[in-house]
Amino acid sequence: MADLPTALIREILSRVAVKSLVRFRCVSKLWRFLIDDPYFIKLHLKRSQQNTTNHALFLIRDCYLYSASFPTLDRATLIDHPLKSDRFGTAILGSCNGLLCLSNGEDEGKGTVLYNPATRKNRKLPRSPIDFPAWGFLVLCERIVYGFGYDHVHDDYRVVRIIQFYEGHRDFYGSEVKVYSVKSGSWRRIADFPREYYLSYKRASGVYVNGCLHWVVTRKPASDGTLLIVAFDLASEERRVLLQPEYPTGEFHLNVGALQGWLCVLCNYPYIRTDVWVMKEYGVKESWVNLFTVSQQKIGPFGYVRPLAMKGSEVLLDQDSANLLWFDLHTQLAMTVNMRDTPRFLYAEMMVESLVPLQSHKKKRKRKPKKKRKNVETMTSIGYSDVTLHTPPLPHGGNLRKSTELRGCDVWDSICGLSLLAKMLLQLRCVCKAWNVVIQDPDFVKLHLQVSGEGLDNLNLIISGEKMHLVDFNLLNKAVQVNHPLKFGQGFTNVLAGSCNGLVCLANQDKEIALWNPMTGHYCMIPATKSPKDSNVLRSFIYGFGYDPASDDYKIVRILQQYGDSGYEFSDEGDSESEIDHFAGSEVHVLSLKTKCWRKIRCFPYVLCYLCSGVLSNGALHWVARERHNLDSNSYIIMAFDLRLEKCRVVSQPNYADIHFSMTLEVLGGSLCVLCHYPKCGVDIWVMKDYEMGYWQKLISIAQGKPIDVFQYIKPLAYSRNSRELLLLLDYEKLIWYDLLKKTMRHVCIGDLPSSFDTEVFSGSLLDPNNVSGNGVNLGGLNLTHTSHYNKQRNDSMVRHEKQSGPSKHSLRSLPKKLLCHIFSQLSVKVLLQVQCVCKTWYNLINDPEFIKLHLEASSKCKRGLSLILSGEKVFSVDLPLLDKAVEIRHPLLCSEGFTNLVGSSNGLVCLNKDKDFALWNQWTGKYERVPPVNFQLLNASYAFHCIIHGFGYDHTSNDYKVVCILQQHSRLKGGRMQSEIQVYSLKAKSWRWIKCFPFMLCSPCSGVLASGALHWVARQNPDLFSNSNLLIAFDLGTEKYRVLTQPSYVDTDFEMSLGVLGGSLCVLCHYPKESVDIWVMTGYGRQSWEKLASISQPNIAKHLEYVKPLVCSEDGTDVLLEQDNEKLLWYNLRKKTVRYVEIRGLPLLFEAVVCLASLAQIGKPTKKYDMMHEQPSKGCKSQWDKKERDDLDGFLTKGFKLKL
């Protein structure tokens, strides 16, 4: 694996357990360097926090510390720690990111240490004496509490010690607060704890959540006794009181804790119960939720319980520091955890294991400076003075050609390189010459720009002010100062012209202009233009910068507007403009980056209102302007300057309710947006959803005072990853996240951010402004048949090497099959269909049934590749979660006339029906298989009527797809009894077969709902056709037998029932006419336990609602996508109980929607499998390779070491 890309090795190792990583440090110098890298440690910690693979439970009794892996909790293992002593007991003061804060007493014990149980590294804290106050005769230490947490702003771990002194007066408490910083390695005293607050518990450690430590306090204990929750911010060192939930009446003991990253409140009602409240969104009072209640009647008597962790619907509880319990949230029952070698512990702490280091601050001896190694390159080109790139050592004696040869370099470009960040690719350039050639190749640079521009991973903020700073948009943790090409001198540098495709246009007051790539450090100085000189004229320069895809060229627009009172007359191309008020005239110049020269064009027919740079959207620059002859008017114009035609036009505006505002323009998510600033009232933000049609939509309306107190200017920057929040620049001073649904905001804490600044969002790229169009390849549509000089040179060198030395075992095709399967399973279906054309080996691998199952499981877990299939007169596809456009797709039953019925979907296969025709179809691969028509014996139509109902699903027991057809016939001659007949089609057997009679009557001709391997319908008992009691029938596809399922406990049974599926769980929908719709979800199919998900009332929430069908949940689980009356799609918020309709272009008037998962499921003709021919090397060559392979193996593993991946 030593020849794999460093980024790929990092991705693999970041998913490995901590214990294995500690052993893997001994594999090689490269692996040790990667595992000890701070970036890798943070990446591994972030991924460990997202799942439970690296979580562990720590138990302590006396001086003994135990650990148990979570969630198995099978055995408690005794581990060593630095404070172990038979004389003193040890206490856990807190934990954070894999570090434990342990103490056994400051006076007689060994003190306090920070300890990483995974790496066995520790840091002993220096003793800090207590500074007793001088205002009392006899002062006692009434309370001593500690807290431990992480300050993400300064990237520092801190220990807080609070001591409260008592001098006889119950309402007067002095205090001492000290903070220990791991970075500085010393204690320092800060502002005292507020005297009106009294810590409720003597030894309670602070609970760390969201960068703050929390304690329960009382206000004036002798007179009031009100319980409060105080939060201590580790970054700002400020204290604030959090708002608590509305508790039910009754006396209880209050305490705080942490659960799944939420702050939780424990209300212990003595001898009755304990209520557990969690704050789903930190700092928002309305987000408090009563998660569960532990009753003593159900689990027995207890003094207190404390939640530790969650696993699905079960919560791990600490009961009286003596027992561990699994508490089921559905059944409200508890089960004792039977763990071997478990002590009767005194304290339990849940923590994620990590590699976070604890470096000492001992002074190192000065050594003579060593010569710089050839594989170290300083990143001075991008402005970072303290970052170095280390090239991993070359394996096998440093043979550069053998270690870097990739058999499929174009595939490496597509898979490995394109998905990496620009910062990471700059580091990979230093690995070897071959990688440097690949990454600098113009085709690769442009293709990487296309791929990286689709997501948020490559977004950055460029901060302009007195100095330039860069901020990673995904982290938003620190502003890093960078060097730029323009000198400060007498002018103030600013991002005036904007950014495009990773290039930033800079200008200053000295009229200097530069085109700059902040990631690579490359820049291009732009020649200046000559301006007319007139002492009586005031001039202002306005810039614009953008990309013209038609000519594959970048253009800079410079507008000179002149104002004066001297009757100035300005002419342009023979047209004279006399003085109009104070406006004298304008000049417009355009620079093409291809020609690198300015051209004077016709002046603008409008006057630009502000000195702001042009806003780039849809190939045009936009400004706020006014008519030349109507400068005093309040009517604004949105002027667009087309970069291709170099002509101006007026863009339509939204339908404003009030026109008394100040208008500014911005771009948000690639869409043009208008900001209407109403003085002392607020701001409205409009977004242009469709540029060609001129369709505007109001995004948000922010009023002064709530949620933002006072502001004068707001600038939208970008959406969050889930599109629920919007990043805003407020008054050029701070950045905030604004929640679009909850109408709340939260501040963004970024270290080293200047006090006043402007910012632009740009996507990191590898473009060189000096050679952005060097080979003439169109950036908008990449010519894949073009072969650059670099590609030709690279391919020729590979061919020569193959002829000389034969196939190399270090090529990409030599990767283990399991590793390739793991890599490919993370790719989308669209990419895999392209990758399979690379070579025969990959084609066989991707079309292997085992890999198809692996890819399907990976896609199902992460819910990747979901889409909506809409059926009607035509069939459409809508991408989830974009929901932007309905695209018509061709299907195998398109040639026949009539309405296409969507029977169902399973594992990416869709079953279509039109009259008697059936087809099983995979829309992604385009393959399908027609199903022969089913033969039913129909009664005479003159005295009977019939109905055929279908169902489609997957039988995992026989690995087979089945189509079910149910014929129901009603004969008047047989007393009104319904006759039912079932036939099942097997895709394996490719034939229909008859099943025994169906003793039920299905209530509606809807297709069967697939859930847990069975098809479900609403039915009634056959003799009781006119009964009001509905039954829930399940037809098992494996056993091909039916059964009756239990239904929810309805309060009112006067409703119409229908079925649906949501996230793989069966749903029952109770439609109360003109009142409401209740949605019940079966949480456990085997236990048949039901839970009411939502109740949508009419007309408070939704108007004119007759039928709804649940489709899918949002990523955060707060919204449910519903289909209403086969006409509309809407999002229903489960918390706020609000409805938001979805606007999709091209949506048909009537449709039926089904959620489908993208897959490679095979259908139709079997996939061709290619036979691979393996050439045998000569004997001498073979023995030489075998000897080298043995030498490599001896150098790779030490004796007795076994590596298992």
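Rings of Phe, Tyr and Trp, the last represented by its six-membered ring, are taken to pair if their centres lie within 6.5 Å. In the predicted model examined here, ring pairs of this kind link Tyr636, Tyr656, Phe661, Tyr678 and Trp686 into a cluster. A search of the whole structure finds 29 aromatic pairs, and two of them are described in the following sentences.

The rings of Phe252 and Tyr269 have centres that are 5.2 Å apart and planes that meet at 55 degrees, so this pair is classed as tilted. Phe252 belongs to the loop between strand 16 (239–242) and strand 17 (253–259), whereas Tyr269 belongs to strand 18 (residues 262–269), and the pair therefore ties together parts that are 17 residues apart in sequence. Both partners can also be placed with respect to the surface: Phe252 has a relative accessibility of 19% and counts as buried, because the limit for that class is under 20%, and Tyr269, at 3%, counts as buried as well. A tilted aromatic pair is also formed by Tyr954 and Tyr961, with 4.8 Å from centre to centre and 45 degrees between the planes. Of these two residues, Tyr961 is buried, its relative accessible area being 12%.

Aromatic rings also take part in arrangements with charged side chains. The charged end of Arg161 sits over the ring of Trp187, at 5.7 Å from the ring centre, and the charged end of Lys280 sits over the ring of Trp262, at 4.9 Å from the ring centre.

Attention now turns to the nonpolar interior. The largest nonpolar core has 64 residues, and Leu13, Val159 and Phe824 are those with the most contacts inside it. Helix 13, which spans residues 817–824, gives the most to this core, contributing 5 residues. A second core, separate from this one, has 44 residues and includes Trp435, Leu470, Leu503 and Met519.

The surroundings of one buried residue may be followed in detail. Val910 is found in strand 60 (residues 909–914) and is buried, with a relative accessible area of 1%. When residues up to four places away in sequence are not counted, Val910 touches Leu902, Gly904, Ser905, Ala919, Leu920, Trp921 and Cys1156. The C-alpha atom of Val910 is separated by 9.0 Å from that of Ile869, a residue that is 41 residues apart from Val910 along the chain.

The salt bridges were examined in a similar way, and a search of the whole structure finds 34 of them. Arg158 forms a salt bridge with Glu237, in which the closest N and O atoms are 3.1 Å apart. Since Arg158 lies in strand 9 (residues 156–166) and Glu237 in the loop between strand 15 (226–233) and strand 16, the pair ties together parts that are 79 residues apart in sequence. Arg158 is buried, with a relative accessible area of 8%, and Glu237 counts as buried at 19% relative accessibility. These two residues are also members of a network of salt bridges that links Asp151, Asp156, Arg158, Arg188 and Glu237.

A salt bridge also joins Lys715 and Glu760, where the closest N and O atoms are 3.7 Å apart. Lys715 lies in strand 51 (residues 714–719) and Glu760 in strand 55 (residues 758–763), so this pair ties together parts that are 45 residues apart in sequence. Lys715 is buried, and so is Glu760. In the salt bridge between Arg32 and Asp36, the closest N and O atoms are 3.9 Å apart; here Arg32 counts as partly exposed at 46% relative accessibility, and Asp36 is partly exposed too, with a relative accessible area of 36%.

Finally, the cysteines were considered, and the count of disulfides comes to 0. For Cys749, the closest cysteine sulfur is that of Cys212, at 9.1 Å, which is too far for a bond because a disulfide needs sulfur atoms within 2.5 Å. Cys749 is partly exposed, with a relative accessible area of 39%, whereas Cys500 is buried, with a relative accessible area of 9%.

Conventions:
Residues are numbered from 1 along each chain as its sequence is written. This is a predicted model: local features need pLDDT of at least 70, side-chain atom pairs count only at pLDDT 80 or more; totals for chains, interfaces and linings use all residues. Side-chain values use heavy atoms; hydrogens and water are left out. A nonpolar core is a set of buried Ala, Val, Leu, Ile, Met, Phe, Trp, Tyr and Cys residues joined through side-chain atoms within 4.5 Å. Buried means under 20% relative accessible area, exposed over 50%, partly exposed in between (1.4 Å probe, protein chains only). Helices (H or I, at least four residues) and strands (E, at least two) are DSSP runs, numbered from the N terminus. Rings of Phe, Tyr and Trp (its six-membered ring) pair if their centres lie within 6.5 Å; planes under 30 degrees apart count as stacked, over 60 as edge-to-face and the rest as tilted. A charge sits over a ring if NZ of Lys or CZ of Arg is within 6 Å of the ring centre and within 35 degrees of the ring normal. Contact means heavy atoms within 4.5 Å. A salt bridge is a side-chain nitrogen of Lys or Arg within 4 Å of a carboxyl oxygen of Asp or Glu.
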